[in-house]
Amino acid sequence: MRQTNSMGITSEPGKDKGARAPKRKAPPEPPTPVEAMDEVISPPEQAAKEASVSEAEYEFFKVIQGYLDEAASIVGLPAHIREMLAQPKNEIIVHFPVTMDDGTLRVFKGYRIQHNNLLGPYKGGLRFHHTVSLDDLKALATMMTWKCALMNIPFGGAKGGVKVDTNALSRAELMRITRRFTHALGNNIGPNYDIPAPDVGSNAQMMVWIMDTYMNQVDHANKNAQRAVVTGKTLTCGGSPGREKATAQGVVHCITEWAKDNRLELEGKTAIVQGFGNVGSFTALLLGKLGVSTLAVGDHTGYMKSTEGFNPHKLSEYVKQHGSIQGYAGGTPITREEFFSTKADIFIPAALENQVRAQEAELLDVKLVAEGANGPCSPEGEALLQKKGIAIIPDVLANSGGVTVSYYEWVQNLRSETWDLEEVDRRLERTMKDAYRRVSFFAQEKRVPMRVAAYCLALQNLGKAYDERGIFP
Ligand code: NAD
């Protein structure tokens with residue numbers, strides 16, 4: 001019932017705030033003078049905010065809507081369906097207080113954007129980052145709808161997050177923020193309603209904190225049936241084998257298909273990787289297994305190169321221990337411009353959106369950009385890459401391995417099963433390669449870029465489902 005209630009109604013910011021009330025009444029909040037504040041920004045967050053002013057001006061959601069318009073006209077999507085898909089169904093914004101280690105109290109702002117649940121429960125990651133904004137999350141939630149529709153996964157699209165600089169937090173503070181955010185969301189999430197997962201700044205441990213908090217908010221009798229409220233958990237707490245590397249594994253399956261099509265032997269080839277977190281580090285590791293060496297890497301602390309190629313295992317271990325690539329002895333520091341100018345065969349953007357604008361596209365000297373990150377290329381950047389003959393495997397296809405294995409995790413939780421890694425890998429490989437073939441075929445047939453092809457296939461699926469279901473009442 002709740003799924004059809006708002007179907008067809010385009011929501012406005014904050015309109016559906018608190019759309020579903022928490023099942024259990026929240027304990028009374030301690031009185032605090034800062035609670036009414038919209039957002040509290042620490043000095044390091046402020047510095048980071050100022051440093052990324054140009055990124056903040058980038059209208060990511062508008063860019064995604066532009067792609068929607070282009071694909072909608074190609075597949076002849078009826079105007080009313082296009083209108084329904086142009087806006088998220090629910091935009092939930094919460095403010096919640098957390099006691100910091102020094103005893104002070106801070107109020108944080110959290111979001112959950114539920115774009116569409118036509119094909120199944122809302123699904124998408126949670127981003128914990130100082131740049132988190134409503135506009136970006138609307139774009140990212142929308143992309144989740146396309147991804148699931150493209151991959152034939154019975155999920156809709158969502159995204160959420162907390163505006164916070166995780167680098168400035170202790171583990172205990174991060175845990176309290178994660179748990180209070182989960183509590184604030186109440187039953188706006190749920191195993192059959194909206195299922196979060198990791199994204200930038202969140203990880204398997206945080207997913208377990210979310211699961212545990214959610215479980216403690218529901219009836220005793222139903223507790224264990226609630227594991228599937230979140231995916232990307234640790235193995236001991238109901239996670240799936242292969243989920244941690246899944247997004248990267250999907251990127252690498254797409255690269256191998258692209259290489260086959262282009263008669264390129266991957267052994268002995270080179271890559272550069274921006275972002276060395278979950279997606280970037282696992283992609284470098286998996287490419288390494290295919291004989292592709294990583295010549296340059298970068299993250300929020302800077303960039304470095306290694307002429308003979310990085311050892312991705314050692315660098316990953318270093319990042320796990322130190323939180324970034326900064327200070328890694330196996331590489332030489334370079335500038336951002338030098339990173340983007342490094343000659344290589346493949347570029348893996350695996351950080352944030354809007355990283356390849358015209359100036360970076362001008363510098364890039366690669367054959368292929370495989371988008372591990374969501375929205376890494378601006379439209380200007382993409383146009384320039386196309387002009388230079390650089391191929392792009394678009395985000396909606398390339399990084400959909402994550403949500404695919406999240407779906408496997410959800411199915412295992414619901415059935416109380418545990419699949420082995422072989423089973424997960426086998427299913428993922430088949431699904432990714434099939435999706436790559438469908439997108440590539442559509443792109444060639446209609447003479448459109450792969451991004452447009454991926455959007456078209458997703459929209460065809462959604463359009464057909466809307467057409468068959470009709471609009472309630
Ligand atoms: P992560 O937090 O594990 O890693 C993010 C990396 O980006 C870190 O190395 C960080 O230092 C770097 N970074 C942050 N700001 C940067 C900047 N301004 N310049 C350069 N590097 C910067 O996050 P992740 O899960 O690896 O996600 C990376 C990208 O992949 C995001 O766009 C995310 O939406 C996308 N993605 C992730 C998954 C997943 O399963 N984790 C699935 C699909 C898509």
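**Close-up views of the ligand site and the second largest pocket**

**View 1. Polar contacts of the ligand.** In this predicted model, an oxygen atom of the ligand is 3.0 Å from a backbone N or O atom of A351. Side chains contribute further pairs: an N or O atom in the side chain of N374 lies 2.9 Å from a ligand oxygen atom, and an N or O atom in the side chain of R243 lies 3.2 Å from an oxygen atom of the ligand. On its own the ligand has 830 Å² of accessible area, of which the protein covers 87%.

**View 2. The shell around the ligand.** The ligand is surrounded by 23 residues, the closest being D199, T247, F276, N278 and H300. By class, the shell comprises ten polar, nine nonpolar and four charged residues. Domain 1 (2-30 + 87-229) and domain 2 (246-398) each provide at least three residues of this shell.

**View 3. The second largest pocket.** The volume of the second largest pocket is about 300 Å³. Its lining consists of 16 residues, and those closest to the pocket centre are W258, A391, I392, A443 and M450. Nine residues of the lining are nonpolar, four are polar and three are charged.

**View 4. Secondary-structure elements lining the second largest pocket.** At least two lining residues come from each of α9 (246-261), α14 (379-387), β12 (391-393), α17 (421-446) and α18 (450-469). The element that gives the most to this lining is α17, with four residues.

Technical notes. Residues numbered from 1 in each chain as written. Predicted model: local features only at pLDDT ≥ 70, side-chain atom pairs only at ≥ 80, totals over all residues. Heavy atoms only, no water. 1 Å grid on protein atoms, 1.4 Å probe; cavity = no way out; pocket = protein on both sides within 12 Å on 5 of 7 lines; lining within 4 Å. Points joined across faces, edges and corners; volume = space filled by probe spheres on them. Nonpolar A, V, L, I, M, F, W, Y, C, P; charged D, E, K, R; others polar. Near = heavy atom within 4 Å. Polar contact = N/O pair within 3.5 Å; in protein donor to acceptor, adjacent residues only side chain to side chain. Areas by Shrake-Rupley, 256 points an atom, 1.4 Å probe, with all protein chains shown as cover. Domains from an automatic or database assignment.
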